[in-house]
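Let's take a walk through some strands and how they sit beside each other. Have the structure open as you read.

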Amino acid sequence: MKTITLSLALILTVSAGPAGAAEASTSPAVAPAFLPQTNLVWPPAPDKPRIRFVRTIKSDDDLRPKTEKKEEGFFTKLIAKFSGGKVTPDIFNNPYGIWSQGDKLYVTDTGAQTMAVIDLKKGTFAYVGDRGEENLKSPVSVAADEAGIAYVSDTGEGAVKAYSPAGKLLWKSEGVGGSAGGLKRPAGIALTPSGELLVADSGNRRIVLLGKDGTFIREMCVHAKKEYYALPNPNNVWAFKNGDFMVSDPLAARVHIFSSTGAARGGFGEAGDAPGYMSRPRGIAADSDGNIHVVDALFSRVQIFNREGQLMMWYGSPGDVVGQLNLPAGIFIDKDDFIYVADSKNKRVEVYQYITYPEEKASAAPQEAK
């Protein structure tokens, strides 16, 4: 059973979602490109806020600054009404995997069989893998490097595909080796600190390491005889800065932590619906303080644990208003602690931010001996 570090009162208040969240009058600054749409924070006052809701990305209108948004004309609205469409159509159909790199946001869409690449600075977007030989059949997860190359796991083809910044297919993995042979239902994907690719080979219950050219390096985490660390359904993967990585497993209701070579380091999680338990863990990510954010798709929330598996708090709740979630899947946390969650059923991306406090980091730093 998980050790829960929150008081019962705080848990009940935080879990209330937007209705129970606070409006912060003062808080650390947010980057200009992400001016908050509301003052929604978790936990509510009088506790110090740790998570701030920033914005929703659902249509191209959400990519424009408020000062640039214009009221659509009468005829535009009329045409949209009679065509059964929207004035500003949704960008996503069923967003699932998500990755941020620089000014670009990469979002796989299993429903549309494509990947949306959003330029947050320019306020534009384009689709990749939606035509011809470059087509994506069932894209699940994505990782992108500093050169703008996107690596997508395509469950429909049992392969990993690499796309150039212009959306051109560079390569598709073939004949991935190891004890199981080729990939079977590849799911989560992440870049290691050394630039290699970690792939959750869900159908073969293992993790595979590939080079950035798609070549097979080795398989890891094949723990069939060690039930505690077995991966019956590895789903998402996240690489830490020190080379360790973690894997979420919805079937085991656990998060496993491994070394860079695949040696078991620990993990946490039990099936259940109470705080600190998991039902269907999907996306996982770590913030700048090393806290682990776990998306629970069934209960439409993100729980925050420390490395030992103690529950710190959670944010989000079932619904479709700002800050709420409905069948969330992927999550990514960037270097500035912006949190991007693929809110699948609501057909959008919800953006939050983990709030850090310099005075806390200073007091936590080891003191020099006098």
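What follows looks at two groups of strands, one after the other.

A quick word on the ground rules: this is a predicted model, where local features need pLDDT of at least 70 and side-chain atom pairs count only at pLDDT 80 or more, while totals for chains, interfaces and linings use all residues. Residues are numbered from 1 along each chain as its sequence is written, and side-chain values use heavy atoms, with hydrogens and water left out.

Start with strand 9, residues 150-154 (strands are DSSP runs of E, at least two residues, numbered from the N terminus). Five of its five residues are buried, meaning under 20% relative accessible area with a 1.4 Å probe, protein chains only. In a regular strand the side chains alternate between the two faces of the sheet. Here Ala150, Val152 and Asp154 are buried on one side, and Tyr151 and Ser153 on the other.

Now for the partners of strand 9; two strands pair if DSSP finds at least two bridges between them. Strand 8 (residues 139-144) pairs with strand 9 antiparallel over five bridges, with Ser141 opposite Ser153. Five residues lie between these strands in their hairpin, where Gly148 has a positive phi near 85 degrees. Strand 10 (residues 159-163) also pairs antiparallel with strand 9 over five bridges, and there Tyr163 is the bridge partner of Ala150. This hairpin has four residues between its strands, and Gly158 in the turn takes a positive phi of about 60 degrees.

Next, find the open, antiparallel sheet of four strands, ordered 16-17-18-19. Strand 16 (236-239) and strand 19 (264-268) are at the edges with a single partner strand each, so one side of each has no neighbour in the sheet. Between them, strand 17 (residues 245-249) and strand 18 (residues 254-258) run antiparallel, joined by five bridges; one of the pairs is Asp249 with Arg254.

Notes
Buried < 20%, exposed > 50% of the residue type's maximum accessible area, 1.4 Å probe, protein only.
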